[in-house]
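Student: Could you take me through one part of this model closely, namely the surroundings of the ligand, and then add what there is to say about the salt bridges?

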Amino acid sequence: MRHLMSPLDLSVEELDNLLTLANDIESNPNHYAHACDGKKLATCFYEPSTRTRLSFESAMLNLGGSVLGFSSADSSSAAKGESVSDTIRVISCYADICAIRHPKEGAALVASLKSSIPVINAGDGGHQHPTQTLTDLLTIRSLKGRLNQLTIGLCGDLKFGRTAHSLIHALIRYPNVKFVLISPDELRIPSYIREDVLKKHNIPFTELERLEDAIPDLDILYMTRVQKERFFNEEDYVRMKDFYILTKDKLKLASEDMLILHPLPRVNEISVEVDDDPRAVYFKQAQYGVYVRMALILTLLNWR
Ligand code: NCD
């Protein structure tokens, strides 16, 4: 039985197969419409979510399966003091596969240790978000045609943004990938990623503050939201929240084929006037999230 805690749980070959399966699902949805007949997905969300939870549910329904779950800690027995370990043991009796989101780093891993069904980390605090990364990789591979030879700018809250952490982990395995890490000093990438992931693997990267300085060189611009819920005080959040706003004007500095990704939800970091630009692919990205989660569910349930 396999779980998905981090993008590194899949080898590059497995990842490529999964993305190819997702592309096939996109082209031939009918072929997969009954692949999970009789199977159940549990979505256990202790933190707010729109895309991740609903795209998981949509994915399972598209496969002919059904879904059950809860969408906040308040509406589960966590409110009565139940541990994640106990909850997952019980969920294992009710479902065939589980996606879990929790505000604490490592919570999904704790669940996987006590689970008798595959557990998918749908976001654990400021740590990892592997299924968003699968979505991002599918978007980049489908629209750019490759995952190597890329200069990727990650912009915004690189300290708390788990989507940025997972994407870096996944992309360092492809040749000739360079990172430009664009953040205010207070929201720089955590040192364990700078040292143990980037420097250790000799991955070229630069860190800078001004988005305008980075834009001209990028193949991909990955914007992120300042993660309000992870701040210790409101004042710091308010000071940081509008640090970056991608506007049409700033986009004039970008190449014609740069892609703009964002895991969403967006707050102010991308002006709505950018949405009509052909390079803005964040809503398409949300659609890819369904195909890739379908592919992931099939893979973890050993479908053939
Ligand atoms: C992201 C998350 O939850 O980390 N959202 C998502 O799953 N698409 C990004 C965010 O909330 O900013």
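**The ligand and its surroundings**

Tutor: A nitrogen atom of the ligand lies 3.2 Å from an N or O atom in the side chain of Gln132, which fits the definition of a polar contact (a pair of N or O atoms within 3.5 Å; within protein, one must be able to donate a hydrogen and the other to accept it, and residues adjacent in sequence count only if both atoms are side-chain atoms). Oxygen atoms of the ligand are approached as well: a polar side-chain atom of His129 is 2.7 Å from one oxygen atom, and a polar side-chain atom of Thr52 is 2.8 Å from an oxygen atom. Taken alone, the ligand exposes 320 Å², of which the protein buries 94%, the areas coming from the Shrake-Rupley method with a 1.4 Å probe.

This is a predicted model, in which local features need pLDDT of at least 70 and side-chain atom pairs count only at pLDDT 80 or more, while totals for chains, interfaces and linings use all residues. Residues are numbered from 1 along each chain as its sequence is written, and side-chain values use heavy atoms, with hydrogens and water left out.

The residues around the ligand (those with a heavy atom within 4 Å of it) include Arg101, Arg162, Thr163, Arg225 and Gln227, together with Pro263, Leu264 and Pro265. By class, this shell has 3 nonpolar, 5 polar and 3 charged residues, where Pro and Leu count as nonpolar, Arg as charged, and Thr, His and Gln fall among the others, as polar.

Turning to the salt bridges, the structure holds 17 of them, each being a side-chain nitrogen of Lys or Arg within 4 Å of a carboxyl oxygen of Asp or Glu. Side chains of opposite charge can pair when their charged atoms come close. One of these bridges joins Arg266 and Asp275, whose closest N and O atoms are 2.7 Å apart; Arg266 is partly exposed (between 20% and 50% relative accessible area, 1.4 Å probe, protein chains only), having a relative accessible area of 22%, and Asp275 is also partly exposed, at 23%. Salt bridges that share partners also join Asp185, Arg188, Arg194 and Glu207 into one network. Arg210 pairs with Asp213, with the closest N and O atoms 3.3 Å apart; Arg210 has 45% relative accessibility and counts as partly exposed, as does Asp213 at 44%. Asp242 and Lys241 form another bridge, with their closest N and O atoms 3.4 Å apart; here Asp242 is partly exposed at 34%, and Lys241 is partly exposed at 29%.
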